[in-house]
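I opened this entry to record what I looked up in the model. My topics were burial, one helix and the enclosed cavities.

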Amino acid sequence: MLAEHMLDFRKSLYNEGVVFCYSGYMTEDVLMSIGKVIKQKLEVDDVDKNIARSVFSVFVEQVQNVIRYSIEKETALRQNEKEIDLRYGLLMVGYKDDKYFVTCGNMVKNDNVDRLREGLMQIQQLDKDGLKALYKEILRGDSPEGSKGAGVGFIDIAKRAKKGIEFDFSQYDDDFTYFTLKAYI
Amino acid sequence: MDAAWQCSEMEKLIIARTQNTPKILLDPEAGLIELTGKSYPENTSEQFGPVFDWLEEYFDGSPCNQTIVNIDIDYFNSSTSRALYEFFTLLNAAVKRGYGLEVNWIYDEEDFSTEEDGEEFNEEFSELGIKLVKK
């Protein structure tokens, strides 16, 4: 039963084209280890350098978004007494229908959904030059409210996702919504 | 107090390269600023904070006549692009105050992405005259 259950899970991932899947707390250490494996896999498959690089970049931006913004978190103490947040997220990297994809999912606050959706809808409609212009505009100004990073992570993903991005929200309860972003390369 | 004396007064700053952060070399005596490697930390302040402090002090005094800036970063994330933007803003301000700077953006011939990033920064900070240099 146990093996059958795991094999079914494995098969469903396989059918979706998933080559790599991680569900759990994400930290910089996790990012670097998984990043190394993804790079190796892309090298073994002899993937075009620029495509491999885009897949890796999108992976980094996606995981760092989870590290920054996933609302499902625990705070741990490191040995040096410095606090570290453990943020929960789900990552999938795969290949299907001649496209690579990098998908991430994490919980966000309901209050943030409209802002996220509007931002992503705007990005989705822009062409290469439009994305570049918006990227620069944000770099010139201050970080958007509630953003701890460059505020340009999503634009960076869209720039590199030559075959498009998809996103979706699923309300979980009165406070939280599950957010997913899939980028195709 | 002459310029040569002052520029050698500051301490050299060297930050070692890691898997996701670049090697940083700030040498006041040689008038050399170098960033080499990859840069994709989630939080860039640990790496770039000391660089910005150093640069402010460097350009506050009388630096060596000509300062050479070599940026050889073959991959960086969006947080780093923000840090680089701040970095170039500081350099731009120094040039406006009359400091002599030569800025080189070094990239691999086959790396179109980094070449394009260099072009973008050059467009944005045209007063710096960033030179795109193939490896």
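I took a residue as buried when its relative accessible area is under 20%, and as exposed when that area is over 50%. The model is predicted.

**Asn65(A).** I asked whether Asn65(A) is buried or exposed. Its relative accessible area is 9%, so I entered Asn65(A) as buried. I located Asn65(A) in helix 3 of chain A, which covers residues 49–69. Leaving aside residues up to four places away in sequence, I found that Asn65(A) touches Ser70(A), Phe154(A) and Ile157(A).

**Helix 4 of chain B.** This helix covers residues 112–124. I noted 13 residues and a reach of 18 Å from first C-alpha to last, close to the 18 Å expected at 1.5 Å a residue. I then listed its buried residues: Ser113(B), Thr114(B), Asp117(B), Gly118(B), Glu120(B), Phe121(B) and Glu124(B). Viewed down the helix axis, these buried residues fall within an arc of 160°, so they line one face of helix 4 of chain B. On the other side of the helix, I recorded Phe112(B) and Glu123(B) as exposed.

**Cavities.** I counted 3 cavities of 30 Å³ or more in the structure. The largest holds about 170 Å³ of space. Which residues lie nearest its centre? Of the 14 lining residues, they are Tyr135(A), Leu139(A), Asp117(B), Glu120(B) and Phe121(B). I noted that helix 5 (128–140) and helix 6 (153–160) of chain A, with helix 3 (78–96) and helix 4 of chain B, each supply at least two residues of this lining. By class, I recorded 5 nonpolar, 1 polar and 8 charged residues in the lining of the largest cavity.

How values were computed. Residues are numbered from 1 along each chain as its sequence is written. Chains are lettered from A and ligands numbered from 1 in the order in which they are written. This is a predicted model: local features need pLDDT of at least 70, side-chain atom pairs count only at pLDDT 80 or more; totals for chains, interfaces and linings use all residues. Side-chain values use heavy atoms; hydrogens and water are left out. Helices (H or I, at least four residues) and strands (E, at least two) are DSSP runs, numbered from the N terminus. Buried means under 20% relative accessible area, exposed over 50%, partly exposed in between (1.4 Å probe, protein chains only). Contact means heavy atoms within 4.5 Å. The expected span of a helix is 1.5 Å times one less than its number of residues. The arc is that of the directions from the helix axis to the C-beta atoms. On a 1 Å grid over the protein atoms alone, a cavity is a set of points where a 1.4 Å probe fits but cannot get out, and a pocket is an open set with protein on both sides within 12 Å along at least five of seven lines; lining residues have an atom within 4 Å of a point. Grid points are joined across faces, edges and corners, and a volume is the space filled by probe spheres set on the points. Ala, Val, Leu, Ile, Met, Phe, Trp, Tyr, Cys and Pro count as nonpolar, Asp, Glu, Lys and Arg as charged, and the others, Gly among them, as polar.
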